[in-house]
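Please consider the structure shown below together with its sequence. The paragraphs that follow lead through it step by step.

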Amino acid sequence: MAGTAARAAAALAVGLLTACAAPHPAAEPERTAVDVATDGYVYGYAPVTLARTRANMLCLLPVNRLHHQSATADPTSRVVVAPNVDTLYSIAWLDLREGPVLLTHPEAGDRYFDFQFLDIYTDVFANVGTRATGSAAGAHVVVPPGWDGPLPAGAAVIESPT
């Protein structure tokens, strides 16, 4: 008798969980064209803006190479949004279609440095530098999504999501 009651309770629990797993069709509000357009804007704004910035900058710099800023920014600087006015920046646009890109850096001593990696949605997917990896010399290889090829020996792997 106890086994039958336990099986019945378990069946009831499974039934309740199944019923609660998916929202009732009436719980889904009807989506308007404005809702769909808003979602498209929110989803697409970052990649479109980054693609525009990349296109503008690639007229001036080659891909897969660090370009170093030679002077600090001032209030008239418009290359990136709100740059720090006391920081020298370097930038590289990585094209991983041909395969991985190797980043090496020397020992930094007491100096602060950071290589911040952003995907097409402007989300940071990796950091290399004082806080994240230390100030010792390093080698890091950035690979495209799903890369399954040869890699440099001893390099830390950073997989790019885009």
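Thr122 is partly exposed because its relative accessible area is 38%; buried here means under 20% relative accessible area, exposed over 50%, and partly exposed in between, with a 1.4 Å probe and protein chains only. This is a predicted model, in which local features need pLDDT of at least 70 and side-chain atom pairs count only at pLDDT 80 or more, while totals for chains, interfaces and linings use all residues. Residues are numbered from 1 along each chain as its sequence is written, and side-chain values use heavy atoms, with hydrogens and water left out.

Thr122 lies in the loop between E4 and E5. Helices (H or I, at least four residues) and strands (E, at least two) are DSSP runs, numbered from the N terminus. The phi of Thr122 is near 65°, a positive value in a residue other than glycine. Most residues other than glycine have a negative phi. A further case is Asn64, whose phi is positive at about 60° although Asn64 is not a glycine. Asn64 is found in the loop between helix H2 (33-58) and strand E1 (67-68), and it counts as partly exposed because its relative accessibility is 33%.

The loop that holds Thr122 belongs to a hairpin of E4 and E5, with five residues between the strands. Strand E4 (residues 114-118) and strand E5 (residues 124-129) run antiparallel and are joined by five bridges; two strands pair if DSSP finds at least two bridges between them. Within this pairing, Phe115 has Val128 of E5 as its bridge partner.

The same loop also takes part in an aromatic contact. Which kinds of ring pair does the structure hold, and how many aromatic pairs are there? There are four aromatic pairs; rings of Phe, Tyr and Trp (its six-membered ring) pair if their centres lie within 6.5 Å, and planes under 30 degrees apart count as stacked, over 60 as edge-to-face and the rest as tilted. One of them joins Tyr41 and Tyr45, a tilted pair with 5.4 Å from centre to centre and 40° between the planes. These two residues are separated by about one helical turn, because they are four residues apart in helix H2. Tyr41 is exposed at 55% relative accessibility, whereas Tyr45 is partly exposed at 45%. Another pair is formed by Tyr43 and Tyr121, whose ring centres are 5.6 Å apart and whose planes stand at 50°, so that this pair is tilted as well. Since Tyr43 lies in helix H2 and Tyr121 in the loop between E4 and E5, the pair ties together parts that are 78 residues apart in sequence. Tyr43 counts as exposed at 55% relative accessibility, and Tyr121 is partly exposed at 30%.

Attention may now turn to the interior. The largest nonpolar core has eight residues, namely Leu96, Val101, Leu103, Phe117, Ala126, Val128, Val142 and Ile158. Such a core is a set of buried Ala, Val, Leu, Ile, Met, Phe, Trp, Tyr and Cys residues joined through side-chain atoms within 4.5 Å. Strand E3 (101-105) and E5 each supply at least two residues of this core. In soluble globular proteins, nonpolar side chains tend to be buried together. Leaving aside residues up to four places away in sequence, Phe117 touches residues including Leu103, Ala126, Val142 and Ile158, contact meaning heavy atoms within 4.5 Å.

An open sheet of three strands follows the order E3-E6-E7, with mixed pairing. Its edge strands are E3 and strand E7 (156-159), each pairing on one side only. E6 and E7 pair in the parallel sense over four bridges. His140 lies in strand E6 (residues 138-143) and has Ala156 of E7 as its bridge partner. This histidine, His140, is buried because its relative accessibility is 9%.

Two salt bridges complete the description; a salt bridge is a side-chain nitrogen of Lys or Arg within 4 Å of a carboxyl oxygen of Asp or Glu. Arg31 bonds in this way with Asp39, the closest N and O atoms being 2.6 Å apart. Arg97 forms a salt bridge with Asp95, again with the closest N and O atoms 2.6 Å apart. Arg97 is exposed at 70% relative accessible area, whereas Asp95 is buried at 17%.
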